[in-house]
Amino acid sequence: MNDITEAEIESRLARLGDLRAAIGQAIVGQAEVVEQLLIGLLAGGHCLLEGVPGLGKTLLVRSLGEALKLEFRRVQFTPDLMPSDILGTELLEEDHGTGHRSFRFQQGPVFTNLLLADELNRTPPKTQAALLEAMQEKTVSYAGVTHRLPNPFFVLATQNPLEQAGTYPLPEAQLDRFLLHIRVDYPSEEEERAILAQTTGAGGAAVPAVMQGEEVLALQALVRDVHLSDDLLAWVTRLIRASRPGEATPEEIRKYVKWGAGPRAGQALILCAKARALLHGRLAATRDDIAALAAPVMRHRLLLSFAAEAEGRSADDVVAALIRAVPLG
């Protein structure tokens, strides 16, 4: 917490409450999804949202952009989408006065603060890789020139879990680039009734702008200063290592996991636990923070075995078994 007063910290934490409330004016329910989305934002990572169409994923991202006064763009990924359609391309321009011709780089939709990559698994691997490289490096290189992306830069990619025909599933190495894999489920009956009432009336709820991009960057820096005890650090290390099949791992892991999580999962789990603590107004992470985020951090980083598929075991089941089998102390 260097160079930050206690009053400034309290002010920034209060702004997080305002941000959650602002999004809630447009989004009914989905409290866990909103929380995980904000955690990804505070931790400075990208999120992969999985859910059937019509659950408000696009509205959620747009509402977040409006509440944060950030530029928002949406790209519908299709089989014919090319890397230049996302990153940009060079245009040949002519000065009509001198007749001189030169190339000018025309920025693509990736040059924004909040990018919704809708149905990312419907575009070929070449285009997927181009976007994921930009996500990792925060730059775009074209014709030998490096163009830096805006800061903050946050990608939300969606994929439909139902339709598999005509899709290109993301390889494990590319899935690992996403900080969180967020599941978007159907709303409860009460929430669905509220959604129907709110969206079929005369006017929709406006999302107030409560935070600037500079404040987001300040909060991201504050996340790094949240305290994590040595005991919790050791526990996260054991959890990640226990996800890799071997003689010392729990029996369920040896049976249901083919490949476990790498060190990036441990980094993501710690950062997300710190971000959750900050979101809840605390300056120290707890066991509950880690346990709450173990599934969204690890579910896309585990390659399950045939036995898991045959017995109907999901990645979330495996993570739950890990939490039970690996003690804190």
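Me: Before we turn to single residues, what does "buried" mean?

Reply: A residue is called buried when its relative accessible area is under 20%, exposed when that area is over 50%, and partly exposed in between. The model discussed here is predicted. H181 serves as a case: its relative accessibility is 5%, and therefore H181 counts as buried.

Me: Where is H181 placed, and which residues does H181 touch?

Reply: H181 belongs to strand β9, which covers residues 180–183. Leaving out residues up to four places away in sequence, H181 touches L48, E50, P296, R299 and H300.

Me: How should I read a helix, for example α1?

Reply: One general idea comes first. An α-helix has 3.6 residues a turn, so residues three or four places apart point the same way. In this structure, I9, L13, L16, L19, A22 and I23 are the buried residues of α1. They pack against α2 (31–43), α3, α8 and α11.

Me: What length is expected for α1, and what does the model show?

Reply: The expectation is 1.5 Å a residue. For the 19 residues of α1 this gives 27 Å, and the distance from the first C-alpha to the last is 28 Å, close to that value.

Me: What does the same reasoning give for α5?

Reply: Helix α5 (residues 125–137) has 13 residues, so at 1.5 Å a residue it should span 18 Å; its end C-alpha atoms are 18 Å apart, which agrees.

Me: Which residues of α5 are buried, and against what do they pack?

Reply: The buried residues of α5 are T127, Q128, A130, L131, L132, A134 and M135. Their packing partners are α4 (83–87), β5 (114–118), β6 (139–142), β8 (154–159) and α6 (172–175).

Me: How do I describe the way in which α1 and α3 pack?

Reply: Begin with the angle and the distance between the axes. Helix α1 (residues 6–24) and helix α3 (residues 57–67) pack at about 135°, and their axes are 9 Å apart. The two helices are therefore oblique to each other. Their crossing is right-handed. At the contact, L19, A22 and I23 of α1 meet L60, L64 and A67 of α3. By class, the residues of this contact are six nonpolar, no polar and no charged. L19, A22 and I23 are also among the buried residues of α1.

Me: At what angle do α8 and α11 pack, and what is the relation between them called?

Reply: Helix α8 (residues 213–224) and helix α11 (residues 263–279) pack at about 115°, with axes 9 Å apart. An angle of 65 to 115 degrees counts as roughly perpendicular, and α8 and α11 are therefore described in that way. The crossing of α8 and α11 is right-handed.

Me: Which residues make the contact of α8 with α11?

Reply: From α8 come L219, L222, V223 and R224, which meet L271, K274, A275 and L278 of α11. This contact has six nonpolar, no polar and two charged residues.

Me: Which backbone features deserve attention outside the helices?

Reply: Two general expectations help here. Most residues other than glycine have a negative phi, and most peptide bonds are trans. In this model, K69 is not a glycine, yet its phi is positive, about 55°. K138 likewise has a positive phi, of about 60°, without being a glycine. As for the peptide bonds, the one joining N151 and P152 is cis, with omega of about 5°.

Me: Where do K69, K138 and P152 lie?

Reply: K69 is in the loop between α3 and β2 (72–76). K138 follows α5 and lies in the loop between that helix and β6. P152 is in the loop between β7 (145–148) and β8.

Me: Are K69 and K138 buried, exposed or partly exposed?

Reply: K69 counts as partly exposed because its relative accessibility is 48%. K138 has a relative accessible area of 29% and is therefore partly exposed.

Me: What can be read from a glycine such as G260?

Reply: G260 is found in the loop between β10 (257–259) and α11. At 22% relative accessibility, G260 counts as partly exposed. Setting aside neighbours within four places in sequence, G260 is in contact with S243, R244, P245, R301 and L302. Separation along the chain may be set beside separation in space: G260 and E214 are 46 residues apart in the chain, and their C-alpha atoms are separated by 37 Å.

Conventions: Residues numbered from 1 in each chain as written. Predicted model: local features only at pLDDT ≥ 70, side-chain atom pairs only at ≥ 80, totals over all residues. Heavy atoms only, no water. Axes fitted to C-alpha atoms, helices over the stretch in contact; angles between N-to-C directions. Helix = DSSP H or I, 4+ residues; strand = E, 2+ residues; numbered from the N terminus. Parallel < 35°, antiparallel > 145°, perpendicular 65-115°, else oblique. Left-handed = near helix turned anticlockwise from the far one by under 90°. Contact = heavy atoms within 4.5 Å. Nonpolar A, V, L, I, M, F, W, Y, C, P; charged D, E, K, R; others polar. Expected span 1.5 Å × (residues − 1). Buried < 20%, exposed > 50% of the residue type's maximum accessible area, 1.4 Å probe, protein only.
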